[in-house]
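Dear colleague,

I am handing over the structure that we spoke about, and I would be grateful if you could look through it before reading my notes. The sequence and the model are placed just below.

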Amino acid sequence: MKMLSADSISIIMPAFNAEKTITRAIESIQKQTYKNWQLIIVNDGSKDATQEIIQQKCREDGRIEGYLIENSGPSCARNYALEHAKGKWVAFCDADDWFTEEALETMVMAMHGDSCQLCACYYTSNCDNNDIVYWAGGKAILQFLTNPEIGGYLWNKLFLRKLIEIDKIRFEKDIFICEDLLFVIQYASGIQNCVVVPKKLYNYDVQPNGLTSTAFSMKKVTQLDALEKIVCVLLDNNNKVNLEIAKKLLVEKAIFIRRDATKAIRNGSLKRGTLEDKYIKEKTKKICRQYVKEYVLKSDFPTKFKGMMIAYCLV
């Protein structure tokens, strides 16, 4: 493995059964105009040819490190990679996505050394405005919660590794959806500023069989745990605007999950009376009861949601 210089980037890539796409992802990093990087690929127990591809790429390029672990989910894979990260900055890339060639260089240049603690870019399209934007930490969190062109994702951002380590931020291994948003909010709550590059530097490939697009599963319920933790972070951060947004998002997700669980019972993919069914009911009932008085009185909260929320408080 090659020695890293002071301004290196550690790129973290979890991989699971990614034989069809991982070569494109790796080669997008090898083609970067910024050459000072360390790519850490953690094979999360793949059953296809992913491991063979990783091993071949490691032989070809000394900047690439490959690790094989038992299937534990993307959070565990990313945590494992963080323990091996040595760069000044940390970036993330999913095995089915890819960077544009100038992505890393553009974000590093925008960070101006470490005068900014976070850099974000667009991933849907270029912004109409070509000017770089600077946000305070609270404004950044607001955008991550509400702006779909930026989002609270990992892979369109560049983090300072020392801040991740100082704040001891890691991924929650039992959360499978919104675990990235939780990580980003935890990180952003401790920064002073964020720089935004108004360019599309990351290509996100929507997988038809991905977790967020598949049928109902208990893994989707874990986003409620993530959102509850985000509410706690923002409560400690004393930002009322962001806190209200996070609370509303938690309530809406609880309603959607309860509704989807009811549909899953009807179509037979979830059995009534099982431990999973009982857990979903108790989890969503707790959230609805906690916030029902507040949201029933809100004029901007949809009437349909109010009715559903009241119903879910009772059953």
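What follows is an account of the cysteines and then of the charged side chains.

Please keep in mind throughout that this is a predicted model.

Cysteines

How many disulfides does the structure hold? There are zero, and two of the cysteines can serve to show how the sulfur atoms are placed. For Cys 58, the closest cysteine sulfur belongs to Cys 93 and lies 15 Å away, which is too far for a bond, given that a disulfide calls for two sulfur atoms within 2.5 Å. Cys 121 is likewise in no disulfide, its nearest cysteine sulfur being that of Cys 119 at 6.9 Å. As to their surroundings, Cys 58 is partly exposed, having a relative accessible area of 23%, whereas Cys 121, with a relative accessibility of 1%, counts as buried.

Salt bridges

Side chains of opposite charge can pair when their charged atoms come close. Across the whole structure, a search finds 19 salt bridges, and I describe some of them here.

One of these involves Lys 57, whose side chain meets that of Glu 27 with an N to O distance of 2.9 Å. Because Lys 57 belongs to helix H2 (residues 50–60) while Glu 27 belongs to helix H1 (residues 22–30), this pair ties together parts that are 30 residues apart in sequence. Is Lys 57 buried or exposed? Lys 57 is buried, at a relative accessible area of 8%, while Glu 27 is partly exposed, at 29%.

Lys 57 also forms a salt bridge with Glu 60, and here the closest N and O atoms are 3.5 Å apart. In this case both residues, Glu 60 and Lys 57, lie in helix H2, where they are three residues apart, or about one turn of the helix. Glu 60 counts as partly exposed, with a relative accessibility of 48%.

A further salt bridge is the one in which the side chains of Asp 61 and Arg 63 meet, at 3.0 Å from N to O. Asp 61 is buried, with a relative accessible area of 7%, and Arg 63 is buried as well, with a relative accessible area of 16%. Elsewhere in the sequence, Glu 244, Lys 247, Glu 294 and Lys 298 are joined into one network by salt bridges that share partners.

With best wishes

Technical notes. Residues are numbered from 1 along each chain as its sequence is written. This is a predicted model: local features need pLDDT of at least 70, side-chain atom pairs count only at pLDDT 80 or more; totals for chains, interfaces and linings use all residues. Side-chain values use heavy atoms; hydrogens and water are left out. Buried means under 20% relative accessible area, exposed over 50%, partly exposed in between (1.4 Å probe, protein chains only). A salt bridge is a side-chain nitrogen of Lys or Arg within 4 Å of a carboxyl oxygen of Asp or Glu. Helices (H or I, at least four residues) and strands (E, at least two) are DSSP runs, numbered from the N terminus.
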